[in-house]
Amino acid sequence: MIYSKLFLIFFLFLTYSLKANEVEIIEIHKNNKSLDQLVLESSSTSENNDSNEELISQEALDDESLGVENTDDNSTIENEDLESENNASENSDVVDISKSENLFDINEKIINKHLASITDIKSRTLNREFINILSNPQLNSQNITNDKIYFIIKKLYEIGEIGKAYRLVKNIDTSSISNKEYLSYFKLIELNYLFSTFKLTEVCELKTLLIDQSIMLPKYLLEKTDIFCLTLENKFAEAKLLNSLLLENESDIDNSFQDLFNYMILKDNNETFKTLSSIDSKELIFLYSAMLRINELPLHEDFISLDPLNLTIPVILSESTQINIRIKAANKAFFDEVISIDSLAALYQSVDFNSKDFNKPEQTISSLNDDELIMAYYYQLANIQIFPDDRLKVILDYWKFAENAGLENIAYAITENIVQTFTPTIENSNYGMEIAIAHISNKNFVEASKWIDLYENSNINNDQINYARFLIALNDTDDLKNIIDYLSNNNQKLNTIKNQNTLETIQILKNFLNIQEVSDLTISYNEITDNRLMPSYSLIKDIKNNMKEQNDLSLFLLAVISMNNKNWNELHPEHLSLILNSYNIYDQGSLIKPIILEILSAIEIF
């Protein structure tokens, strides 16, 4: 529908708090700081955001102890230290485990067996809650078992939350774990976390400890780490010897490691490095990343897709990596709340366009075959406009392009500072709705209302006006009244929808919200069978039993398990009804409003 994309934009900003302060326009050419510093400093402003982001801080690598010459004091970054991470977690809106079930007290089968079946939670709301629950178990519980803690940490690591998995590992007594498989897995997480945060000194210290403890890691990671550390210490002869032993023992030769190792050994001989072969091992990707970064080599685009939460920052700060890949990584990091809009703006502003490019915008845009570069170009073009009318025209073109590219929420956020300079006037009234939607996206509701009022006085498009006011009203309260009113007032319009599945989903929502005056309408159906699968009888029974007993965490996990890898519009109506009633019980219904908004967005009724 016409408003579905705009509703999705608003929903993303409603369900989690992104920075709503004024965006500083960063003029790179007037600043003596490196891009690394700008990205790191702007990222740190997001510390108190309601998000799962791993904050970024800068720590100089102890190159002297490693025997490596540091060519760029600003090239090394790491995630925030454990104390800062813990403080951020304490300040975020997480599940208050003390008021509900203890994660370790729930059914053993849910943790040890069913948890592994959760591979992809499509709902952003449920995914955030899932991560919060797994990240905050009560480690003083008498019912804690090695099996349970292993499967919890394993799941966090598998879904990319390596920082949170690492914190749990550091908070448990691994010396009491007799299971070698579990112990090796925890050490794998420790080592890869240090690689991901580029703490190479600590990597090499941990490597020595693990060798002494005879720890075995997959894919010969420990042996390769040993070789890597020897090259950092310029002990090339010893490194070559260990590598020859590795080649004898490794049945499947790791060409990516060999290429990187050979470059490190031969780089003084002007050896040209070829791109990595296919990257398909999550166990080794953090090692590859560190080897690339220490040698100032470009990072492959695969790093973004394999582990976006942990490897987008290295890609962003890698000056040897193609700029469009760096911007793609930054866009992904912003969507995932890993960096702030200021960080993204800093990278956009760093793209090298000249005066000729800006003198002929249409020609320049047509010559750029990459959405990421066009986004950066529009951002810079908007910032150099002197006259308000010219600036407004560029901004409107920017938003239109971004919407077509699926990047509109970035365009709205990154132009917030410019949009604040526009004054509601009769001359601008024709663009009032576009500017109002931008303000709504940035949570500037007072300003949005001014532009809506201006637009309302100049146009007769009640649908757009009512829709915009509905978006603002959603922010007024946590109850469901505005949603109920909207569905009730638009009942006639909703009944014109032809898609049977969408109509059935709307009917389930009306029934759940007790919209009595419109909930009993008969749906004209053509299909008498349904290819939307239902959960098993046993799982449904288990969910209903936990609903009766109001076992919060068990109920949450079982409901999530039943939805694995399914979008809201893919659920069978009876399954959707069960889910809504489950989460109406869970944590006193705190998730119901964002869940319903996700459903409305998924079925595109706007």
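A residue counts as buried when its relative accessible area is under 20%, as exposed when that area is over 50%, and as partly exposed in between. With these cut-offs in hand, the reader can follow several charged side chains through this predicted model, beginning with lysine 122, whose relative accessible area of 38% therefore places it among the partly exposed residues.

The side chain of lysine 122 meets that of aspartate 120 in a salt bridge, with a separation of 2.8 Å from N to O. Aspartate 120 is likewise to be read as partly exposed, because its relative accessibility is 28%. Side chains of opposite charge can pair when their charged atoms come close, and a search of the whole structure finds 22 salt bridges.

A second pair lies within a helix. Lysine 155 and glutamate 158 join their side chains in a salt bridge of 3.2 Å, again taken from N to O, and because these two residues stand 3 residues apart in helix 7, which covers residues 146-158, about one helical turn separates them. The two partners fall into separate accessibility classes: lysine 155 is buried, with a relative accessible area of 4%, whereas glutamate 158, at 38%, is partly exposed.

Further along the chain, arginine 532 and aspartate 530 form a salt bridge through their side chains, with an N to O distance of 2.7 Å. Here arginine 532 is the buried partner, at 8% relative accessibility, while aspartate 530, at 34%, counts as partly exposed. Elsewhere, salt bridges that have partners in common link Arg124, Arg128 and Glu337 into one network.

From charged pairs we turn to the packing of helices. Two packed helices are described by the angle between their axes and the distance between the axes. For helix 12 (residues 236-249) and helix 13 (residues 255-266), the axes come within 11 Å and cross at roughly 160°. Since an angle over 145 degrees counts as roughly antiparallel, helix 12 and helix 13 are therefore roughly antiparallel to each other, and their crossing is left-handed.

The residues that make this contact can be named on each side. Helix 12 contributes Phe236, Ala239, Lys240, Asn243, Leu246 and Leu247, and helix 13 contributes Phe257, Gln258, Phe261, Met264 and Ile265. Sorted by class, the contact between helix 12 and helix 13 comprises 8 nonpolar, 2 polar and 1 charged residues.

Notes: Residues numbered from 1 in each chain as written. Predicted model: local features only at pLDDT ≥ 70, side-chain atom pairs only at ≥ 80, totals over all residues. Heavy atoms only, no water. Salt bridge = Lys/Arg side-chain N within 4 Å of Asp/Glu carboxyl O. Buried < 20%, exposed > 50% of the residue type's maximum accessible area, 1.4 Å probe, protein only. Helix = DSSP H or I, 4+ residues; strand = E, 2+ residues; numbered from the N terminus. Axes fitted to C-alpha atoms, helices over the stretch in contact; angles between N-to-C directions. Parallel < 35°, antiparallel > 145°, perpendicular 65-115°, else oblique. Left-handed = near helix turned anticlockwise from the far one by under 90°. Contact = heavy atoms within 4.5 Å. Nonpolar A, V, L, I, M, F, W, Y, C, P; charged D, E, K, R; others polar.
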